[in-house]
Amino acid sequence: MAQWQEVQSLANAHLEQVHRLYADAALPMVVRQCLAAWIEDQNWRQAAEPLSSSAARMLFHSLLALLGEHLGSPGLGDEDFMLKHNLRKARRDLQATFEERPEEFANLVANLLQEERRILRLGQAGGQAGAAPAPSPAPESNPESNREQQIQQRLAEFRTALQEAERTFRHLEEQQDIFDFCYKVHYLPGEDRTSDPEYTRQIQVLQAKLQILDRQRREVLAQLQQLLGRSETLRDFLLQELQAWRERQQRACLGAPTDTHLRPLETWFTELGQGLFQLLQLLRALWELQLQLTYERDPLKAETPLLERRLKELLTFLLQRAFVVEQQPCMPNACKRPLVLRTGSKFSVSARLLVRLQDRNHDMEAKIHIDRDPPKIKGFRKFNILTSSSKTLGAGDNSKEGLVCDFQYLTLKEQKDSRTGKGGKGAGEGPLAVTEELHLITFTLAYSYRGLELELETSTLPFVIISNNNQLSSAWASILWFNMLSSDTKEQQFFSTPPPAPWPRLAEVLSWQFESVADRGLSEQHLLMLAEKLFGSKASPESALAWNKFSKDGASGFSFWAWLDGILGLLQEHLKQLWKDGLILGFVSRKKEKKLLKGKRTGTFLIRFSESILGGVTCTWVEHPESGAPAFRAVVPYTAAELASLTLPDIIRDYQLLVEENIPENPLQFLYPDTPRDEAFGPYYSQRQDGNLTEQKKYLNRRLIRVSSRQANESWQTEEDLVTATENLETLQLQPSGLGTRQPHGLGTRQPHGLGTRQVMSGNLGMLQPSSAGPPPGMAASPGSLQPVPQSLEPPQLPQGRSGVSEVLQPGVGDLEPQVVLQLVTSGQGMLQVGPAGVGTLQVMPGDTGILQAVPQDVGMLQPLPRDVGMLQPVPGAVEPQLGSEAQGMLQLVSQDTGMLQPVPRDAGMLQPVPQDAGMLQPVPRDAGMLQPVPQDAGMLQPVPQDAGMLQPVPGAVEPQVGSEAQGMLLELRDLDLLPGSPDMQELLQSLTELEPGSGTLGTLEAAELMPDMSETMAGGLEGLSPELAGKAALLDPHDPFLPQPEDASLPVINSLFAGAADFPPLHIDASDFQ
Amino acid sequence: MGQRSGRQEISKRLELALNETMKAEADVQNSKEEAEEPEGKNQRITLVFGVADLKNGAVGLYNVGQTCCLNSLLQVFLMNIHFTGILRRITVPPLAVEKRRNVPYQMLLLLEKMQCGKQKAVSPIAFTYCLSVHGVKLFVQYDAAQLFLTLWNLIKKQMKKLDLVEELSYLYTIGVQEHLACQKCSFETKRNSSMLTLPLPLLDSNSHMLKTLEDCLQYFFRPEELTDENMCFCGQCGRKTPFLQSMKLVHLPQTLTIHLKRFCFEKSAYIHKLSHYLPFPQDLDFNAILTENQCGADGNEKAGWQYELFAVVAHSGSTSFGHYCAYIRSLTECKWYCFNDSEVCQVSWDDVKCTYGHSSLHWGETAYLLIYMKKRPQ
């Protein structure tokens, strides 16, 4: 926008200043308004210089002429009569005042324009800074928006300065043309015309013109120097912003809620880039000028290359930094956990060049490389990127979305020979586990714009490549650790010596995990509990956790991270809403829990996560007996398996505590601190279908609830007691010791009560009749068997048994297609035979501590985990119990010892475990073992457990696809060579530089002896023509009178002054002077 | 007509202000001759020069032939009110020839021209002519640190009045005490010496880059053992012995010039520039940097060792070819300006910070001379 227009759009306060400026000025505002564009386009400053009175005169007369034209133009109608009058008067006044001293007028206009610009700057800064009276660099409350404003303001200033420089350049061009013409006309070398006074006068004029030209050239150069200096500051600002964005992106990868859009950065980088490229063109044009006309000590010749190198370096640096990875590598279904890739799975990654400048006719090619510079770690896996690894960024098709290299649908494949030298799998592996191996993808872009050609390069954050889903959790732990602690985002050997994490940092990152999974981070109290769990009572902000402590070791058989990730999984699947709404207290130690509940009335309960079980949640409530200390009771934790069939609010609503002589009651009355249960959980209860009594019903309604039973007058006081008691509570809900991780009290404690109590709920829907100590048919190892026989002829029931204690579970509410919940855990020697309703039979015959978990409802998980010799024979009835027939089922078989599993569904289609994934079964039994799921009619499945990863399904009519994940993974460790740090840069430098010679004496002032012998040559000694002199160019002889001369006529020509000897003054200060 | 008369008033006012300044300056000169009591004199000087500095805004200096280095130094000199306070009291040489050859006088003329003119920049041609008489030629690239010493010495030498010379020395020179102690017999020699700049190395003895200006200062003042071929002759032992060389800071001047030795010599005599990052603070407290052993001054002197940054002379380009500009914080307005020959613009501390340097950018501006100013005692 033209300056005068901008001035007019200023705020009132600043407009007032403009009015004041013109109130005192000899140039009436009406003239300024009338000839705004022309006035702004002239170089008044230069015309105001002494020696250029001709230019000033020309400008002055042009102005008068233009005014005259304006007056005579017919466009001015009657209504402009006054305007015409004012213009006429102004013209007369100007002529009277400045006719004789046009350079004064030029100076006046130049100063006015400068003052206008100053007011404009103030006004614009004020407008941006809002109410701030002065643009002082004082730290503001919001540094971010402050910085944004600064950048915008500086970009605006940069643009203005660039326009100014271009304008100066155009004048220089004109000036040079005029000189060139005059020179060719008047300068006639070869003849001696010194006697001709006319000629001498002409030469003097020429000399003066050249003088001005020289000064103007220097002025343009100074302007460009200044411009470059300011753009360097701008560059630093932008790089700081970019760095802040990088850090934000890194945090966002870890789940932090932060804004990572690139739009403002892209705008800024593009604007600066564009300006700098414009500047580059200007420099090239300056160089052209110099080719047309040059003279001895032409500043253009010397300084333009310097400026160009500086500018190119700046541009290159800017472009290189502006190439960023916009989207870090991520699998499409794991958006919350990027940077973990699985071989064979698709992933995407994209990079963006923030400087959106591209030649129309030039395509740029982007390529990606994985581990271009792999770390020298023994056994470091090598991968190939499948599908295309290059992409062409065409011109034009990126106008909207910017210069983006978007790579979708990539997959990784491990190179066959990548493990060479390791002596086979499992042997001689280095210290880096698969999940600690960090890989990088590097983008390269062959950039070319306006003659500047560069190869730009950027790298992703390091990522982990896994081959199996169950490595995901520990892979994510690595990603967390790296991004939390590493300062060098290319450090692929980070896990050779992983640093410990300071607790405050770790706490923040852990909180983000909860926030990203369930929209609510960890509170102070939560973090306090976690800190105490990790560091004991001496936890402090200085505490730091070692990597091994975080992800590997754990007193309870699983690591801290595994425990936390279990909880995260539980939250994600089942408790998201409760957690988000703050109903789950979650992380409370037992000690703390007692403290909290002690003062509350009986029936006050809280929900917390189990510390002993992976992914468990439990309720603890307080009871105040008539006499004695308050008692605290907790239920054996619920895990995903249980919550899949019944949501936690429903469990709480219907929870019953059974004491032999009392009627069942729900002990959970008030959610801590004192919210009535139904008030707190009401919104989360699932709808009950009230029975319609009038309707003839096939079945009675039932619902699934949780109960605990205990002996009357039992009480628990100490914490140890509480633990035992919890065990003794005989929750019908079964403890899924899925990984066999923790059964602290063994079977002994449980047994005494085991067979004693049986409760059948919900209108006696089923009954369990365990017959102990009898050898099961065909199974010699199992000494006991359990046969629950339901009394009534009720519809499909699947009992849940646990060495003598069973629970009848009735899923669903209606009578149609009840969803089946089957949970079988046999922990003692015994055989469990469940025959629901006499229609179907389910036989589970595990040996020692075999555990069978079949939960096929929604999630569809079947987890038979026979630990010893055991046999499992679920024989479902003909009709209802559909084992995992609805949903995708998953069969997870882990037999630690010799084990046998024989699910024998009687009818086709009864057992259809449909694996989630591509049908890979990897049972990894440690010893010899056998796994035989044999669907009777359907087909046969015979995994050969001796060698991991082999599955031989023999499908019949219906093909049972068994998907099972190997548990108890064998981590693939590989050799790691600890390398000494890469050759030190410093050493290199050391070799390059030499120390200052140690000065033994002081008092001698040490002056750097930088005296480049550049152009030292005296003027007199210079002759000879510049080789570049082409036909049109004019070279001036050094003896020529055209050489720059001092403006002051009284001074001699500079050149003549240089004959003096180079007697430098002494560089010493005489010490005696000061004493 | 109203407009016009208004304008005349303004210009009159300006003239008036000018006249006042000139009168005050004349007064100063007179008063000096009359040997008035020094306190009143000083007061008047600050009065005058408080106005004088930047009265006309920051004014540029035209490049009249690779004079960017000279221009930058001139700006640093002339923006320093403590220096101009001395400069304005010089005796004017009587003869025209002498006038033309007198560096301080020409400098004063230049200052007047900058302050009185209305142009955005003035040409230092007369001054460069004067310098060339004394061997400082045009069209030669200078090292700013070296040219600073040359200029300073010329000014000092050509000032006729002894008290001004003394003031000038007091304003700029650093006093140090050099200790040499024989490691064999604890024979110690002390020597006081003066320096105009603190030439700070940017690399330590292992060629590792020092991290901050404070590190450089500490490294500069660290004691050094002179062994092997550096051994000195000990008069007491009668032979060459290893010596411990140490330096104590005795006096710091009002205007402290620090020279960052960014130009580095190699065995091959090829000079290269160290462009790496070296931050310097706006406020510098020598008491916090030097240890007790490294100071040889009394508490009074040390209490004044609080400095704030006044100017940065920055260099861009390579050793063989480059450009100088100066960042100067006006002592009256407390605003930063950047002087690029004829181009002057107001900048911020962020712009000055850009001269810290950057290890991967070799052509950008890097601070070369740092001029710190003693803070006013509070």
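**Exercise 1. Surface and burial in chain A**

State the accessible surface of chain A in this predicted model and the share of it that belongs to carbon and sulfur atoms.

*Solution.* The accessible surface of chain A amounts to about 48200 Å². Carbon and sulfur atoms account for 51% of that area. Turning to residues, chain A has 1075 of them, and 51% are buried. Its secondary structure consists of 24 helices and 38 strands. Finally, consider contacts in chain A between residues at least 6 apart in sequence: 71% of these join residues at least 24 apart.

**Exercise 2. The sulfur of Cys338(B)**

Explain why Cys338(B) forms no disulfide with the cysteine whose sulfur is closest.

*Solution.* The closest cysteine sulfur to that of Cys338(B) belongs to Cys325(B), at 4.4 Å. A disulfide requires the two sulfur atoms to lie within 2.5 Å. The separation is therefore too far for a bond. Over all chains, the count of disulfides is zero. As for its surroundings, Cys338(B) is buried, with 0% relative accessibility.

**Exercise 3. Strand β5 of chain B**

Determine how the residues of β5(B) are covered on its two faces, and identify the bridge partner of Pro199(B) in β10(B).

*Solution.* Strand β5(B) spans residues 197-201, and five of its five residues are buried. In a regular strand, side chains alternate between the two faces of the sheet. One side of β5(B) carries Thr197(B), Pro199(B) and Pro201(B), and the other carries Leu198(B) and Leu200(B). Both faces are covered, since these residues are all buried. Next, β5(B) pairs with β10(B), residues 255-261, in the parallel sense over five bridges. Within β10(B), His259(B) is the bridge partner of Pro199(B).

Note on methods:
Residues numbered from 1 in each chain as written. Chains lettered and ligands numbered in written order. Predicted model: local features only at pLDDT ≥ 70, side-chain atom pairs only at ≥ 80, totals over all residues. Heavy atoms only, no water. Helix = DSSP H or I, 4+ residues; strand = E, 2+ residues; numbered from the N terminus. Buried < 20%, exposed > 50% of the residue type's maximum accessible area, 1.4 Å probe, protein only. Contact = heavy atoms within 4.5 Å. Areas by Shrake-Rupley, 256 points an atom, 1.4 Å probe, with all protein chains shown as cover. Pairing = 2+ DSSP bridges.
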